[in-house]
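Okay, thanks everyone for coming. I'll take a few minutes to walk through the model on the screen, so grab a seat and pull it up.

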Amino acid sequence: MGNIRVVHYLNQFFAGIGGEDRADHRPEVREGVVGPGMAIKAGFKGQADIVATVICGDSYFGENTDEAKAEILEMIKKYEPDLLIAGPAFNAGRYGFACGTVADMVQKELNIPAITGMYEENPGVEMFRKSVYIISTKNSAAGMRDAVAKLVPLALKLVRGEEIGSAEEEGYIERGLRKNYFSDIRGSERAVDMLVKKLKGEEYETEYPMPAFDRVPPNPPIKDLSKATIGLVTSGGIVPKGNPDHIESSSASKYGKYDISAFDDLTAQTHETAHGGYDPVYANEDPDRVLPVDILRDLEKEGIIGKLHGYFYTTVGNGTAVASAKKFAEEFSQELKADGVDAVILTST
Amino acid sequence: MVKEIERVGIPVVHICTVVPISLTVGANRIVPAVAIPHPLGDPKLEIQEEKDLRRKIIEKALRALTVEIELQTVFED
């Protein structure tokens, strides 16, 4: 095999055409190396040639994405490349979007590897980290040298089909994939080592980073329970018997909304749990142990609460993505609000 | 989920067993539960006793909904 054929994607700025005033530049292709392509070419040390550079203005790309994609794909295809390199985009948001979109498209449409580079907070990262290898860069073009130093070795591995190491080893942005491996040191020992380091105030590296959570301030309390409509929500997977909507036992992709207006009590005959992350025996015996309809119905009859809302919302909180849970609740909270629910009891297992 | 409910302006109480997770997730009103597979029950108890236990937890949760708070609060006994 001869030299690896690379097509490079750049925006109008890095191609030297102009700044924001030229961001409406339409897709264009030039033979050979342009701008940062020089540094990338040098990094390859003769193992790869940048045969062409495709240039597009960031605004044109953002505003006419479908047209731009089609034009750019045609331009790239003609050169029969083995690899596409986009950017790096550093912290430029629209450029990041363009780089990610072009890289993703090329992988899917031309079946060749693609790679780009971005600063971790570039919005393109969230959009494309799972589908495209994105080298982690500094937040400005001052980090070009560093970016190229990481980009070139990973690009070569991708083209050659070699095994790709972890995000940290290779310098790309974590893709949210977990890879099993065998360690010489068993888990308990690794955990204790980490704990000891933590207690000593030393640096340690978690094997499973927790996602960052944001905060919402508490709402004012309800003034009069006896007039309040109370809604029930659960992540404990309680569903009507038979799980009519097939909510998954883990990594749920959906939630359910079910009528409880006709129930005074949930029983093994009427309801069950779909949750695969805890022993379901107790919840299946008496689903009120997770979703306490019986007590709330009593309190409603006694006038302690105004009303139990006619529907409950449920999903399975078992390895379910934070983003999914957020999306479910964004939807059903609007409904709860619209239905005049004054307060919610959310139960978790 | 608890945060998205709170975000639309509905006060919400989280009944859960693993309180630290609830705190991490960002629930503001938290009532500790019995156990992971039966947060609002205890299969070792007689049916009426178990219902009484469940009612106590619910009453505590309802009380939490009537209390003004500024920070995350765990409503113990």
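**Chain B, then the sheet in chain A**

Let me start with Ile21 of chain B, which sits in helix α2 of that chain, residues 19–25. Before I go on: what you're looking at is a predicted model. Ile21(B) is interesting for the surface, since together with Val18(B) and Ile36(B) it makes a nonpolar patch of about 230 Å².

Now the rest of chain B. We've got 3 helices and 3 strands there, and going from the N terminus the elements run α-β-α-β-α-β. The C-alpha trace spans about 40 × 25 × 20 Å along its principal axes. Of the 77 residues, 53% are buried. The chain's accessible surface comes to about 3,500 Å², with 57% of that belonging to carbon and sulfur atoms. And for the contact-map people: take contacts in chain B between residues at least 6 apart in sequence, and 42% of them join residues at least 24 apart.

Okay, over to chain A. In what order do the strands of the open sheet run? Reading across, you get β2-β3-β1-β4-β5-β6, so 6 strands, with mixed pairing. Why do β2 and β6 have one side without a neighbour in the sheet? Because β2 (28–31) and β6 (133–136) stand at the edges, and each has a single partner strand. On average, neighbouring strands here are turned by 25 degrees against each other, ignoring direction.

Let's zoom in on β4(A), residues 83–86. With β1(A), residues 4–11, it pairs in the parallel sense over 4 bridges. Leu83(A) is the bridge partner of Val6(A), and Leu84(A) is the bridge partner of Val7(A). With β5(A), the pairing is again in the parallel sense, over 3 bridges, and there Ile85(A) stands opposite Ile115(A).

So which way do the β4(A) side chains point? Leu83(A) and Ile85(A) go one way, Leu84(A) and Ala86(A) go the other, and all of them are buried.

Last bit, the helices packing on this sheet. Strand β4(A) pairs with β1(A) in the parallel sense, as I said. Helix α3 of chain A, residues 65–78, touches β1, β2, β3 (48–56) and β4, and its direction makes about 160 degrees with that of β3(A). Then there's helix α6 of chain A, residues 144–160, which touches β1, β4, β5 (114–118) and β6, with its direction at about 155 degrees to that of β6(A).

That's me done, happy to rotate things if anyone wants another look.

Technical notes:
Residues are numbered from 1 along each chain as its sequence is written. Chains are lettered from A and ligands numbered from 1 in the order in which they are written. This is a predicted model: local features need pLDDT of at least 70, side-chain atom pairs count only at pLDDT 80 or more; totals for chains, interfaces and linings use all residues. Side-chain values use heavy atoms; hydrogens and water are left out. Patches are made of residues with over 30% relative accessible area and no salt bridge: like charges are joined within 9 Å, nonpolar side chains (Val, Leu, Ile, Met, Phe, Trp, Tyr) within 5 Å. Accessible areas come from the Shrake-Rupley method with a 1.4 Å probe; for residues, only the protein chains shown count as cover. A salt bridge is a side-chain nitrogen of Lys or Arg within 4 Å of a carboxyl oxygen of Asp or Glu. Helices (H or I, at least four residues) and strands (E, at least two) are DSSP runs, numbered from the N terminus. Two strands pair if DSSP finds at least two bridges between them. Axes are lines fitted to C-alpha atoms, for helices over the stretch in contact, and angles run from 0 to 180 degrees between N-to-C directions. Contact means heavy atoms within 4.5 Å. Buried means under 20% relative accessible area, exposed over 50%, partly exposed in between (1.4 Å probe, protein chains only).
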